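Here's a quick tour of one model, written for someone who likes to know what sits where before setting anything up. Have the viewer open and follow along.

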Amino acid sequence: MTVSSAPLSPATEANIKSILAWLAMTRDHSGSDDAEQLHRQLLKLRGTPMPIAERCKLLDLLYDRVERLVKAELPGFQKMALPVANKMRLRIKRIVGLLEIMTQDYSIALTELLGPADNDSPHNALLRAMQCITWQIKIDHLVAAPTGVGLWRQLHALFRTARRHRLETLPDPRGNAGIARLYSDILLATIAQPASFSASELEFINDYIEGSPFCVELSDTPPIGAEAVFWIDLERDIGAHALIRRLPAAESQPLYFACDAIATEARRQLDELERGASAADLKLPPFAETRAGRGVLRRLADGWGKPARRRFPRRRQAYRANLCLGLDSLWRLMRHVGNPVPLSEWMVTNESPEGYALMHVGGDTDNLRIGDVVAVQAIDERHDAPWHICLIRWAISENPEHIELGLQLLAPRAIAAEIAQPGELDAGCVAVLILPETPPLRPSESLLTPPGKIERTGAPLILLVERDNLLIREIRAGNLDGQTGSIELFSVVARDDSV
């Protein structure tokens with residue numbers, strides 16, 4: 001780094017040399033062990049008076065180290081259980097603290113870079129401040145936490161500044177996409193409903209968005225002819241919303257964008273994968289080839305291309321319920337009522353015909369995963385209260401002692417059964433659940449299976465149901481109506497019953 005010709009005080013020169021010496025000494029470091037040292041170097045820089053050019057050069061060097069640290073830590077967040085343990089939260093807090101300081105210091109530098117003096121372009125400071133904020137939002141998504149207060153307002157303000165100075169379309173110093181693309185990517189990630197995906201699925205979504213050629217185009221009016229329209233209010237501390245689900249305030253001046261193009265492309269790529277194309281052929285991350293990956297693509301195509309209006313109002317509740325987690329436990333519970341299975345206790349806070357919102361009260365949550373199947377039973381004086389079969393659609397965890405779930409109702413009850421595929425009887429039977437039709441939500445009978453057990457729809461299956469006697473049925477799996485990393489849900493079409 002070169003310094004300006006203007007004389008610097010001995011204390012300033014000493015601090016600059018100290019920061020540069022630390023950077024040289026830790027050049028090959030990348031782990032979280034450097035977080036505390038990085039924090040000290042940033043505070044040292046903040047407390048050292050110097051010209052803006054020198055400050056930005058040092059800030060850029062420290063930013064490169066923070067970027068390396070964040071990218072090294074993010075993959076570890078994929079394996080976290082919910083709620084996030086205290087030890088992991090402390091690591092996250094250190095990283096977020098670094099990003100907060102970087103955001104503040106670049107924002108402070110901007111006030112001078114955008115002033116009347118002839119300074120270097122503020123583009124780099126704007127871009128890096130926004131990148132630090134988007135990392136914070138993505139970390140909140142990965143740990144199922146609410147987005148930090150003020151983050152969206154800061155991001156909107158920086159983007160508005162970039163537009164005012166016509167800097168949003170400039171590439172970054174490394175030749176990558178600039179501010180407009182960075183802003184577009186975080187908007188797309190947010191309207192995908194990140195609380196409804198696991199951490200590994202969110203990493204795939206982020207990689208998919210970053211590798212996509214599509215960038216949202218903002219306009220003052222809703223795009224004509226678009227089916228999927230979203231809006232943002234740059235004056236408020238919120239992300240984007242689907243126009244069909246929520247209207248902007250009358251006094252606001254929202255910006256609109258459409259996602260039809262990226263939704264259509266996601267659907268095309270999903271069709272290609274279903275026909276046997278590889279992820280490499282489509283220039284997609286390898287996760288796209290997995291059943292869970294294809295399920296994510298399907299949900300992205302629907303969420304971006306056909307955002308759904310809420311069909312039923314939610315009613316506030318306050319009653320306790322037992323929760324049984326996982327297909328194996330549900331199968332044992334439904335096979336013989338009274339079978340001992342792990343249960344946890346929750347408080348139902350609201351409900352609708354489509355599902356529930358619950359808050360954890362007690363019991364083990366170590367194996368909790370978004371996309372897994374659960375059964376919910378209200379705790380009351382009755383011992384025969386029904387078990388409702390649901391899918392975990394979202395999770396929010398603000399601290400290690402608190403977690404909330406959103407459940408999608410699949411059926412009011414289930415029947416434990418086993419399936420075998422003719423010609424593959426040596427492979428043994430697979431434990432499944434039969435879900436009865438529940439119009440209008442689910443007009444036909446459904447088959448809930450572990451992922452990957454039914455290779456193609458339309459194939460004949462032998463269904464065995466053990467009740468008072470043994471019921472044997474031939475069925476066929478119809479449409480794949482739901483798919484996550486934990487389960488698959490098929491409609492049941494042609495069938496021939498016999499005892």
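## The barrel

Strand S8 (residues 388–399) and strand S9 (residues 402–411) run antiparallel, and eight bridges join them. Within that pairing, Trp 394 stands opposite Gly 406 in S9. Keep in mind that this is a predicted model.

Zoom out and S8 and S9 turn out to be part of a closed barrel of six strands, in the order S4-S5-S6-S9-S8-S7, with antiparallel pairing. From one strand to the next, the twist averages 45°.

## A covered strand and its partners

Next up is strand S1 (residues 229–232), which is covered on both faces. Val 229 and Trp 231 sit on one side, Phe 230 and Ile 232 on the other, and all are buried. That split fits a general pattern: in a regular strand the side chains alternate between the two faces of the sheet.

Which strands does S1 pair with? One is strand S3 (residues 255–258), joined to S1 by four bridges and running antiparallel to it; here Val 229 stands opposite Ala 258. Another is strand S2 (residues 241–242), also antiparallel to S1 but joined by two bridges, with Trp 231 standing opposite His 241.

## Helix H5

Helix H5 (residues 123–142) has 20 residues and reaches 28 Å from its first C-alpha to its last, close to the 28 Å expected at 1.5 Å a residue. How many of its residues are buried? The count is 20 of its 20, so by the under-20% cut-off on relative accessible area H5 is mostly covered. Just after H5, Ala 144 takes a positive phi of about 60°.

## The second largest pocket

H5 also matters for the count of residues around the second largest pocket, where it gives the largest share of the lining, eight residues. In total, 27 residues line this pocket, and Lys 71, Gln 131, Trp 135, Leu 182 and Glu 210 lie nearest its centre. The space inside comes to about 680 Å³.

Helices H3 (52–73), H5, H7 (179–191) and H8 (199–211) each supply at least two residues of that lining.

## One small void

How many cavities of 30 Å³ or more does the structure hold? There is one, and the largest cavity has about 30 Å³ of space. Its lining is made of Lys 138, Asp 185, Ile 186, Ala 189, Asn 206, Ile 209 and Glu 210. H7 and H8 each supply at least two of these residues. Glu 210 is worth a click, as one of the residues lining the largest cavity and one of those nearest the centre of the second largest pocket.

## Two buried polar side chains

Gln 41 is found in helix H2 (residues 35–46). Is Gln 41 buried or exposed? Its relative accessibility is 5%, which is why it counts as buried. Leaving aside residues up to four places away in sequence, Gln 41 touches Ser 18, Ile 19, Trp 22 and Leu 62.

Glu 73 lies in helix H3 and counts as buried too, because its relative accessibility is 7%. Measuring C-alpha to C-alpha, Glu 73 and Gly 482 are 32 Å apart in space, while 409 residues separate them in sequence.

Terms used
Residues numbered from 1 in each chain as written. Predicted model: local features only at pLDDT ≥ 70, side-chain atom pairs only at ≥ 80, totals over all residues. Heavy atoms only, no water. Buried < 20%, exposed > 50% of the residue type's maximum accessible area, 1.4 Å probe, protein only. Contact = heavy atoms within 4.5 Å. Pairing = 2+ DSSP bridges. Expected span 1.5 Å × (residues − 1). Axes fitted to C-alpha atoms, helices over the stretch in contact; angles between N-to-C directions. 1 Å grid on protein atoms, 1.4 Å probe; cavity = no way out; pocket = protein on both sides within 12 Å on 5 of 7 lines; lining within 4 Å. Points joined across faces, edges and corners; volume = space filled by probe spheres on them.
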